[in-house]
Amino acid sequence: MTRCLAMLVSVVIGATIGCAATPPAAAPTLQSNRGTFTSAHGTRDFVVARPSGDVARLPLLVVLHGCVQTADDIARGTRLSEAAARDGFVVLYPEQPATANPQRCWNWYVPDQSTRGKGEAALLAEMIDSVARRERVDRQRIALVGMSAGAAMAANLAVAYPERFAALAMHSGIAAGAATDIGSALRVMGQGAPDGDALGDAALATMGAAARPIPVIVLHGAADRVVAPANLRAAVAQWTRINSKAAGAAAPVEQHLFDGVGHAWSGGSAAGSFTAPTGPDATGLILAFFRRGGVIGR
(Lines give C-alpha, C1' and ligand atoms only; values in the text may rest on other atoms or scores of the structure.)
Protein backbone atom coordinates (compact mmCIF):
# COMPACT_ATOMS: atom_id res chain seq x y z
CA MET A 1 0.00 0.00 0.00
CA THR A 2 2.81 2.45 0.92
CA ARG A 3 4.58 1.72 -2.39
CA CYS A 4 1.39 2.30 -4.40
CA LEU A 5 0.62 5.54 -2.51
CA ALA A 6 4.15 6.81 -3.13
CA MET A 7 3.77 6.07 -6.83
CA LEU A 8 0.47 7.99 -6.89
CA VAL A 9 2.00 11.00 -5.13
CA SER A 10 4.94 10.92 -7.52
CA VAL A 11 2.59 11.07 -10.50
CA VAL A 12 0.52 13.90 -9.01
CA ILE A 13 3.31 16.25 -7.95
CA GLY A 14 5.96 15.22 -10.46
CA ALA A 15 8.40 14.30 -7.71
CA THR A 16 10.94 11.52 -7.77
CA ILE A 17 10.67 9.79 -4.44
CA GLY A 18 12.71 6.65 -4.98
CA CYS A 19 9.96 4.30 -6.21
CA ALA A 20 11.56 2.01 -8.82
CA ALA A 21 9.65 1.60 -12.06
CA THR A 22 8.32 -1.87 -12.85
CA PRO A 23 10.38 -3.25 -15.76
CA PRO A 24 8.41 -4.04 -18.91
CA ALA A 25 7.67 -7.68 -19.62
CA ALA A 26 10.18 -9.29 -21.97
CA ALA A 27 8.93 -9.58 -25.53
CA PRO A 28 8.34 -13.17 -26.64
CA THR A 29 11.13 -14.58 -28.78
CA LEU A 30 10.99 -16.91 -31.74
CA GLN A 31 13.00 -19.94 -32.82
CA SER A 32 13.01 -20.60 -36.57
CA ASN A 33 14.75 -23.60 -38.11
CA ARG A 34 14.99 -24.98 -41.64
CA GLY A 35 15.02 -28.71 -42.28
CA THR A 36 14.49 -31.39 -44.91
CA PHE A 37 12.02 -34.27 -44.77
CA THR A 38 12.25 -37.42 -46.86
CA SER A 39 9.85 -40.35 -47.17
CA ALA A 40 8.94 -42.91 -49.81
CA HIS A 41 6.81 -40.17 -51.40
CA GLY A 42 9.61 -37.67 -51.90
CA THR A 43 11.73 -34.98 -50.26
CA ARG A 44 10.76 -31.44 -49.29
CA ASP A 45 12.41 -28.64 -47.34
CA PHE A 46 10.46 -26.93 -44.59
CA VAL A 47 10.72 -24.21 -41.95
CA VAL A 48 9.45 -24.56 -38.38
CA ALA A 49 8.84 -21.47 -36.24
CA ARG A 50 7.95 -21.69 -32.55
CA PRO A 51 8.16 -19.71 -29.32
CA SER A 52 11.51 -20.04 -27.59
CA GLY A 53 11.79 -22.49 -24.74
CA ASP A 54 11.09 -26.16 -24.17
CA VAL A 55 7.29 -26.07 -24.28
CA ALA A 56 5.23 -29.13 -25.20
CA ARG A 57 1.64 -29.60 -26.37
CA LEU A 58 1.38 -26.34 -28.28
CA PRO A 59 -0.98 -26.11 -31.27
CA LEU A 60 0.48 -26.56 -34.76
CA LEU A 61 -0.48 -24.50 -37.81
CA VAL A 62 0.59 -25.99 -41.16
CA VAL A 63 0.92 -23.19 -43.73
CA LEU A 64 1.08 -23.98 -47.46
CA HIS A 65 2.39 -21.23 -49.73
CA GLY A 66 1.08 -20.26 -53.16
CA CYS A 67 2.72 -20.56 -56.57
CA VAL A 68 6.21 -18.99 -56.96
CA GLN A 69 6.37 -18.44 -53.21
CA THR A 70 8.68 -20.03 -50.63
CA ALA A 71 8.33 -20.92 -46.97
CA ASP A 72 10.17 -17.77 -45.89
CA ASP A 73 8.13 -15.63 -48.27
CA ILE A 74 4.72 -16.66 -46.93
CA ALA A 75 6.02 -16.39 -43.37
CA ARG A 76 6.98 -12.77 -44.01
CA GLY A 77 3.74 -11.95 -45.82
CA THR A 78 1.37 -13.44 -43.26
CA ARG A 79 3.36 -12.55 -40.12
CA LEU A 80 2.29 -15.92 -38.69
CA SER A 81 5.70 -16.54 -37.14
CA GLU A 82 5.44 -13.36 -35.09
CA ALA A 83 1.94 -14.42 -34.04
CA ALA A 84 3.31 -17.83 -33.03
CA ALA A 85 5.78 -16.23 -30.64
CA ARG A 86 3.10 -13.93 -29.23
CA ASP A 87 0.19 -16.37 -28.98
CA GLY A 88 2.00 -19.62 -28.26
CA PHE A 89 1.81 -22.02 -31.20
CA VAL A 90 4.13 -23.76 -33.66
CA VAL A 91 4.09 -23.07 -37.42
CA LEU A 92 5.23 -25.54 -40.08
CA TYR A 93 5.90 -24.09 -43.55
CA PRO A 94 6.47 -26.88 -46.10
CA GLU A 95 8.20 -25.73 -49.28
CA GLN A 96 7.51 -26.86 -52.84
CA PRO A 97 10.58 -26.91 -55.11
CA ALA A 98 10.65 -25.98 -58.79
CA THR A 99 11.63 -29.58 -59.55
CA ALA A 100 8.13 -30.68 -58.45
CA ASN A 101 6.33 -27.86 -60.29
CA PRO A 102 7.99 -25.19 -62.48
CA GLN A 103 5.99 -22.46 -60.71
CA ARG A 104 6.50 -24.01 -57.24
CA CYS A 105 2.74 -24.68 -57.06
CA TRP A 106 1.46 -27.54 -54.97
CA ASN A 107 -0.06 -30.00 -57.46
CA TRP A 108 -3.58 -29.73 -56.06
CA TYR A 109 -5.23 -30.57 -59.40
CA VAL A 110 -3.48 -33.94 -59.88
CA PRO A 111 -5.35 -36.80 -58.15
CA ASP A 112 -2.16 -38.85 -57.76
CA GLN A 113 -0.64 -35.93 -55.84
CA SER A 114 -3.63 -34.74 -53.80
CA THR A 115 -5.44 -37.79 -52.40
CA ARG A 116 -4.89 -39.98 -49.38
CA GLY A 117 -1.78 -42.12 -49.48
CA LYS A 118 -0.50 -40.62 -52.74
CA GLY A 119 2.14 -38.15 -53.83
CA GLU A 120 2.39 -34.75 -52.20
CA ALA A 121 -0.64 -35.33 -49.97
CA ALA A 122 0.99 -38.39 -48.41
CA LEU A 123 4.36 -36.63 -48.19
CA LEU A 124 2.80 -33.64 -46.41
CA ALA A 125 0.86 -35.89 -44.01
CA GLU A 126 4.08 -37.74 -43.17
CA MET A 127 6.00 -34.49 -42.73
CA ILE A 128 3.31 -33.15 -40.41
CA ASP A 129 3.49 -36.34 -38.33
CA SER A 130 7.28 -36.11 -38.12
CA VAL A 131 7.29 -32.45 -37.07
CA ALA A 132 4.42 -33.02 -34.64
CA ARG A 133 6.42 -35.76 -32.90
CA ARG A 134 9.62 -33.74 -32.78
CA GLU A 135 7.93 -30.56 -31.55
CA ARG A 136 5.65 -32.51 -29.15
CA VAL A 137 2.60 -30.56 -30.28
CA ASP A 138 -0.99 -31.22 -29.24
CA ARG A 139 -2.24 -33.65 -31.92
CA GLN A 140 -5.82 -32.52 -31.29
CA ARG A 141 -4.92 -28.95 -32.30
CA ILE A 142 -3.34 -29.18 -35.75
CA ALA A 143 -4.82 -26.77 -38.29
CA LEU A 144 -4.24 -26.14 -42.00
CA VAL A 145 -3.72 -22.71 -43.58
CA GLY A 146 -3.15 -22.09 -47.28
CA MET A 147 -2.82 -19.36 -49.88
CA SER A 148 -3.97 -19.90 -53.49
CA ALA A 149 -2.58 -23.28 -54.69
CA GLY A 150 -1.61 -23.89 -51.08
CA ALA A 151 -5.22 -23.31 -50.00
CA ALA A 152 -6.44 -25.74 -52.65
CA MET A 153 -3.95 -28.37 -51.45
CA ALA A 154 -4.89 -27.67 -47.82
CA ALA A 155 -8.55 -28.33 -48.68
CA ASN A 156 -7.57 -31.60 -50.37
CA LEU A 157 -5.52 -32.59 -47.31
CA ALA A 158 -8.47 -31.92 -45.01
CA VAL A 159 -10.63 -34.22 -47.15
CA ALA A 160 -7.91 -36.86 -47.51
CA TYR A 161 -7.06 -36.94 -43.78
CA PRO A 162 -10.03 -35.41 -41.91
CA GLU A 163 -9.16 -37.21 -38.67
CA ARG A 164 -5.86 -35.31 -38.42
CA PHE A 165 -6.99 -31.69 -38.60
CA ALA A 166 -8.89 -29.47 -36.19
CA ALA A 167 -9.57 -26.59 -38.60
CA LEU A 168 -8.91 -25.24 -42.09
CA ALA A 169 -8.27 -21.70 -43.36
CA MET A 170 -8.34 -21.04 -47.14
CA HIS A 171 -7.23 -17.70 -48.61
CA SER A 172 -7.79 -17.23 -52.36
CA GLY A 173 -8.20 -20.98 -52.77
CA ILE A 174 -10.31 -23.61 -54.52
CA ALA A 175 -12.67 -26.28 -53.21
CA ALA A 176 -11.31 -29.78 -52.66
CA GLY A 177 -11.53 -32.05 -55.67
CA ALA A 178 -12.65 -29.24 -58.00
CA ALA A 179 -10.12 -30.15 -60.73
CA THR A 180 -8.48 -33.32 -61.96
CA ASP A 181 -6.01 -32.01 -64.56
CA ILE A 182 -4.47 -28.77 -65.78
CA GLY A 183 -7.36 -28.00 -68.13
CA SER A 184 -10.04 -28.29 -65.46
CA ALA A 185 -7.79 -26.40 -63.03
CA LEU A 186 -7.57 -23.42 -65.38
CA ARG A 187 -11.35 -23.45 -65.93
CA VAL A 188 -12.07 -23.52 -62.22
CA MET A 189 -9.52 -20.79 -61.52
CA GLY A 190 -11.12 -18.58 -64.15
CA GLN A 191 -14.80 -19.31 -63.56
CA GLY A 192 -15.18 -20.99 -60.19
CA ALA A 193 -16.28 -24.53 -59.43
CA PRO A 194 -19.82 -25.04 -60.77
CA ASP A 195 -21.50 -26.97 -57.94
CA GLY A 196 -20.24 -26.70 -54.38
CA ASP A 197 -22.97 -28.99 -53.04
CA ALA A 198 -21.90 -31.76 -55.44
CA LEU A 199 -18.28 -31.22 -54.42
CA GLY A 200 -19.36 -31.56 -50.80
CA ASP A 201 -21.04 -34.88 -51.51
CA ALA A 202 -17.97 -36.08 -53.42
CA ALA A 203 -15.72 -35.04 -50.53
CA LEU A 204 -17.92 -36.93 -48.06
CA ALA A 205 -17.63 -40.04 -50.21
CA THR A 206 -13.85 -39.61 -50.30
CA MET A 207 -13.67 -39.18 -46.52
CA GLY A 208 -15.67 -42.37 -46.03
CA ALA A 209 -15.79 -43.62 -42.45
CA ALA A 210 -13.36 -40.86 -41.39
CA ALA A 211 -15.81 -38.08 -42.38
CA ARG A 212 -16.41 -35.49 -39.68
CA PRO A 213 -17.28 -31.79 -39.49
CA ILE A 214 -14.28 -29.45 -39.66
CA PRO A 215 -14.38 -25.72 -38.81
CA VAL A 216 -13.46 -23.79 -41.97
CA ILE A 217 -12.78 -20.13 -42.70
CA VAL A 218 -12.69 -19.04 -46.36
CA LEU A 219 -11.23 -15.67 -47.40
CA HIS A 220 -10.94 -14.14 -50.88
CA GLY A 221 -10.31 -10.84 -52.62
CA ALA A 222 -13.31 -9.56 -54.56
CA ALA A 223 -10.95 -8.13 -57.22
CA ASP A 224 -9.00 -11.39 -57.70
CA ARG A 225 -8.19 -11.90 -61.39
CA VAL A 226 -6.17 -15.10 -60.89
CA VAL A 227 -8.57 -17.26 -58.86
CA ALA A 228 -12.14 -16.10 -59.46
CA PRO A 229 -14.04 -14.98 -56.32
CA ALA A 230 -16.76 -17.48 -57.29
CA ASN A 231 -14.43 -20.07 -55.80
CA LEU A 232 -15.19 -18.68 -52.35
CA ARG A 233 -18.86 -19.53 -52.83
CA ALA A 234 -18.04 -23.03 -54.02
CA ALA A 235 -15.71 -23.72 -51.08
CA VAL A 236 -18.26 -22.39 -48.59
CA ALA A 237 -21.01 -24.53 -50.17
CA GLN A 238 -18.75 -27.59 -50.12
CA TRP A 239 -17.83 -27.32 -46.45
CA THR A 240 -21.33 -26.34 -45.40
CA ARG A 241 -22.52 -29.53 -47.08
CA ILE A 242 -19.81 -31.64 -45.44
CA ASN A 243 -20.40 -30.17 -42.00
CA SER A 244 -24.17 -30.58 -42.22
CA LYS A 245 -24.04 -34.23 -43.28
CA ALA A 246 -21.01 -35.69 -41.49
CA ALA A 247 -21.60 -37.24 -38.09
CA GLY A 248 -20.23 -35.27 -35.16
CA ALA A 249 -20.48 -31.94 -33.41
CA ALA A 250 -21.57 -28.97 -35.53
CA ALA A 251 -18.70 -26.98 -37.07
CA PRO A 252 -18.88 -23.43 -38.47
CA VAL A 253 -18.04 -22.26 -41.98
CA GLU A 254 -17.07 -18.59 -41.99
CA GLN A 255 -16.49 -16.47 -45.09
CA HIS A 256 -14.87 -13.10 -45.84
CA LEU A 257 -14.88 -11.38 -49.25
CA PHE A 258 -12.58 -8.34 -49.29
CA ASP A 259 -13.59 -5.42 -51.53
CA GLY A 260 -10.74 -4.05 -53.63
CA VAL A 261 -8.33 -6.88 -52.81
CA GLY A 262 -6.84 -8.88 -55.68
CA HIS A 263 -4.97 -12.18 -55.61
CA ALA A 264 -3.18 -11.36 -52.40
CA TRP A 265 -3.09 -12.06 -48.67
CA SER A 266 -5.31 -9.31 -47.29
CA GLY A 267 -3.61 -7.11 -44.71
CA GLY A 268 -0.31 -8.91 -45.23
CA SER A 269 3.15 -7.41 -44.96
CA ALA A 270 4.76 -5.84 -48.01
CA ALA A 271 7.88 -7.83 -47.06
CA GLY A 272 6.19 -10.87 -48.62
CA SER A 273 4.84 -11.43 -52.13
CA PHE A 274 1.14 -11.50 -53.08
CA THR A 275 0.03 -9.32 -50.19
CA ALA A 276 -2.43 -6.43 -49.93
CA PRO A 277 -1.12 -4.45 -46.92
CA THR A 278 -4.06 -2.02 -46.83
CA GLY A 279 -6.74 -4.73 -46.86
CA PRO A 280 -8.51 -6.18 -43.82
CA ASP A 281 -6.29 -8.30 -41.58
CA ALA A 282 -6.71 -11.87 -42.87
CA THR A 283 -4.17 -13.24 -40.39
CA GLY A 284 -6.06 -11.69 -37.50
CA LEU A 285 -9.38 -13.06 -38.77
CA ILE A 286 -7.94 -16.57 -39.12
CA LEU A 287 -6.37 -16.54 -35.67
CA ALA A 288 -9.58 -15.22 -34.11
CA PHE A 289 -11.49 -18.03 -35.82
CA PHE A 290 -9.02 -20.62 -34.55
CA ARG A 291 -9.16 -19.09 -31.07
CA ARG A 292 -12.96 -19.28 -30.94
CA GLY A 293 -12.75 -22.95 -31.91
CA GLY A 294 -10.16 -23.74 -29.24
CA VAL A 295 -7.39 -24.52 -31.73
CA ILE A 296 -5.10 -21.85 -30.25
CA GLY A 297 -5.11 -19.83 -27.06
CA ARG A 298 -5.90 -22.31 -24.31
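**Figure 1. F289 and F290 in a predicted model.** Both F289 and F290 are buried. The model in this and every following view is predicted. The structure contains two aromatic pairs. A pair of aromatic rings is described by the distance of the centres and the angle of the planes. In the pair formed by W108 and Y109, the centres are 5.4 Å apart and the planes stand at 90°, an edge-to-face arrangement. For F289 and F290, the ring centres are 6.3 Å apart and the planes meet at 50°, so this pair is tilted. W108 has a relative accessible area of 7% and is buried. Y109, at 14% relative accessibility, is buried because the limit is under 20%.

**Figure 2. The whole chain.** The chain has 10 helices and 10 strands. Its radius of gyration is 21 Å, close to the 19 Å given by the globule rule for 298 residues, so the chain is as compact as a globular protein of that length. Taken along the principal axes, the box filled by the C-alpha atoms is roughly 75 × 40 × 40 Å. Of the 298 residues, 52% are buried. Counting contacts between residues at least 6 apart in sequence, 70% are between residues at least 24 apart.

**Figure 3. The disulfide between C67 and C105.** A disulfide is a covalent bond between the sulfur atoms of two cysteines. The count for this structure is one disulfide. The bond joins C67 to C105, with an S to S distance of 2.0 Å. The two cysteines are 38 residues apart and link distant parts of the chain. C67 sits in the loop between β3 (60-64) and α2 (71-78), while C105 sits in the loop between β4 (90-95) and α4 (111-114). The torsion about the S-S bond is about 120°, so the disulfide is right-handed. How accessible is C67? With 24% relative accessibility, C67 is partly exposed. C105, in contrast, has a relative accessible area of 11% and is buried.

**Figure 4. The largest nonpolar core.** In soluble globular proteins, nonpolar side chains tend to be buried together. Here the largest nonpolar core has 63 residues, and the residues with the most contacts inside it are L92, W108, L168 and W239. Which helix gives the most to this core? Helix α6 (residues 149-160) does, with 10 residues. A second core, separate from this one, has 33 residues, including A49, M147, W265 and A276. Leaving aside neighbours within four places in sequence, L168 is in contact with ten residues listed here: L144, A154, A155, A158, I214, P215, V216, I217, W239 and F290. Among these contacts of L168, A154, A155 and A158 are buried residues of α6.

**Figure 5. Helix α6.** This helix is mostly covered, with 12 of its 12 residues buried. Among the buried residues of α6 are A149, G150, M153, N156, L157 and V159. At 1.5 Å a residue, the 12 residues of α6 should span 16 Å, and the end C-alpha atoms are 16 Å apart, so the two values agree.

**Figure 6. Helix α5 and the residue after it.** Helix α5 takes in residues 119-135. At 1.5 Å a residue, its 17 residues should span 24 Å, which agrees with the 24 Å between its end C-alpha atoms. How many residues of α5 are buried? The helix is mostly covered, with 12 of its 17 residues buried. The buried residues of α5 include G119, E120, L123, L124, M127, I128, V131 and E135. Just after α5, R136 has a positive phi of about 55°.

**Figure 7. The surroundings of H171.** H171 lies in strand β6, which takes in residues 167-171. Is H171 buried or exposed? At 0% relative accessibility, H171 is buried. Not counting residues up to four places away in sequence, H171 touches G146, M147, S148, A151, L219, F258, A264, W265, S266 and A282. Of these, M147 and W265 belong to the second core, and A151 is one of the buried residues of α6. H171 and Q255 are 84 residues apart in sequence, and their C-alpha atoms are 10.0 Å apart in space.

Methods. Residues numbered from 1 in each chain as written. Predicted model: local features only at pLDDT ≥ 70, side-chain atom pairs only at ≥ 80, totals over all residues. Heavy atoms only, no water. Helix = DSSP H or I, 4+ residues; strand = E, 2+ residues; numbered from the N terminus. Expected span 1.5 Å × (residues − 1). Buried < 20%, exposed > 50% of the residue type's maximum accessible area, 1.4 Å probe, protein only. Disulfide = S-S within 2.5 Å. Phe/Tyr/Trp six-rings, centres within 6.5 Å; stacked < 30°, edge-to-face > 60°. Core = buried A, V, L, I, M, F, W, Y, C linked by side-chain atoms within 4.5 Å. Contact = heavy atoms within 4.5 Å. Rg over C-alpha atoms; globule rule 2.2 N^0.38 Å.
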